[in-house]
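Q: Please take a close look at one helix and the helices packed around it. Keep the sentences short, as this structure is new to me.

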Amino acid sequence: MRKNLKEARQKAGMTQKQVAEYLGISDKAYQQIEYGIILGKIKHWDKLEDLFGVNQRTLRYLSSGQNVRQDNQ
């Protein structure tokens, strides 16, 4: 789980669906990014950093020791 990403989204008052639409990806793809299942593309992290005003390294941090798979989403 990317706790920092979830908290930034909630602080912005946005739903997962709204963020997915902002990024131009499916709801499921965004959920997988937020849950730490996939990494997502760098361009998405750039947009998330701009949207939330939080460094993308902080947003990408996984709060558990789970493995993340690369994705071409």
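A: Start with how the angles are taken. Axes are lines fitted to C-alpha atoms, for helices over the stretch in contact, and angles run from 0 to 180 degrees between N-to-C directions. The model is a predicted one.

Now to helix 1 and helix 4. Helix 4 covers residues 42–52, and its axis lies 10 Å from that of helix 1. The angle between the two is about 45°. Angles of 65 to 115 degrees count as roughly perpendicular and those under 35 as roughly parallel, so helix 1 is oblique to helix 4. The crossing of this pair is left-handed. On the helix 1 side, the contact uses L5, A8 and R9. On the helix 4 side, W45, L48 and F52 meet them. By class, this contact of helix 1 with helix 4 holds 5 nonpolar residues, 1 charged and no polar.

L5, A8 and R9 come up again when burial is considered. In helix 1, these three residues are buried. They sit on the same side of helix 1, because their arc around the axis is only 100°. The partners of the buried residues of helix 1 are helix 2, helix 3, helix 4 and helix 5, the last of these at 56–60.

Next comes helix 3. Helix 1 spans residues 3–11, and its axis comes within 8 Å of the axis of helix 3. The two cross at roughly 125°. That angle makes helix 1 oblique to helix 3 as well. Here L5, K6 and R9 of helix 1 meet Y30, I33 and E34 of helix 3. The contact of helix 1 with helix 3 has 3 nonpolar and 3 charged residues, and no polar ones. L5 and R9 thus appear in the contact with helix 3 and also in the contact with helix 4.

Helix 3 has another neighbour, helix 2. Helix 2 runs over residues 16–23 and helix 3 over residues 27–34. Their axes are 8 Å apart, at an angle of about 105°. Helix 2 and helix 3 are therefore roughly perpendicular. Helix 2 brings Q16, K17, V19, A20 and L23 to this contact, while helix 3 brings D27, Y30, Q31 and E34. The residues of the contact of helix 2 with helix 3 are 4 nonpolar, 2 polar and 3 charged. Y30 and E34 serve here, and they also meet helix 1.

Last, the end of helix 1. G13 follows this helix, and its phi is positive, near 70°.

Key: Residues are numbered from 1 along each chain as its sequence is written. This is a predicted model: local features need pLDDT of at least 70, side-chain atom pairs count only at pLDDT 80 or more; totals for chains, interfaces and linings use all residues. Side-chain values use heavy atoms; hydrogens and water are left out. Helices (H or I, at least four residues) and strands (E, at least two) are DSSP runs, numbered from the N terminus. Angles under 35 degrees count as roughly parallel, over 145 as roughly antiparallel, 65 to 115 as roughly perpendicular and the rest as oblique. Contact means heavy atoms within 4.5 Å. Ala, Val, Leu, Ile, Met, Phe, Trp, Tyr, Cys and Pro count as nonpolar, Asp, Glu, Lys and Arg as charged, and the others, Gly among them, as polar. A crossing is left-handed if the near helix is turned anticlockwise from the far one by less than a right angle, and right-handed if clockwise. Buried means under 20% relative accessible area, exposed over 50%, partly exposed in between (1.4 Å probe, protein chains only). The arc is that of the directions from the helix axis to the C-beta atoms.
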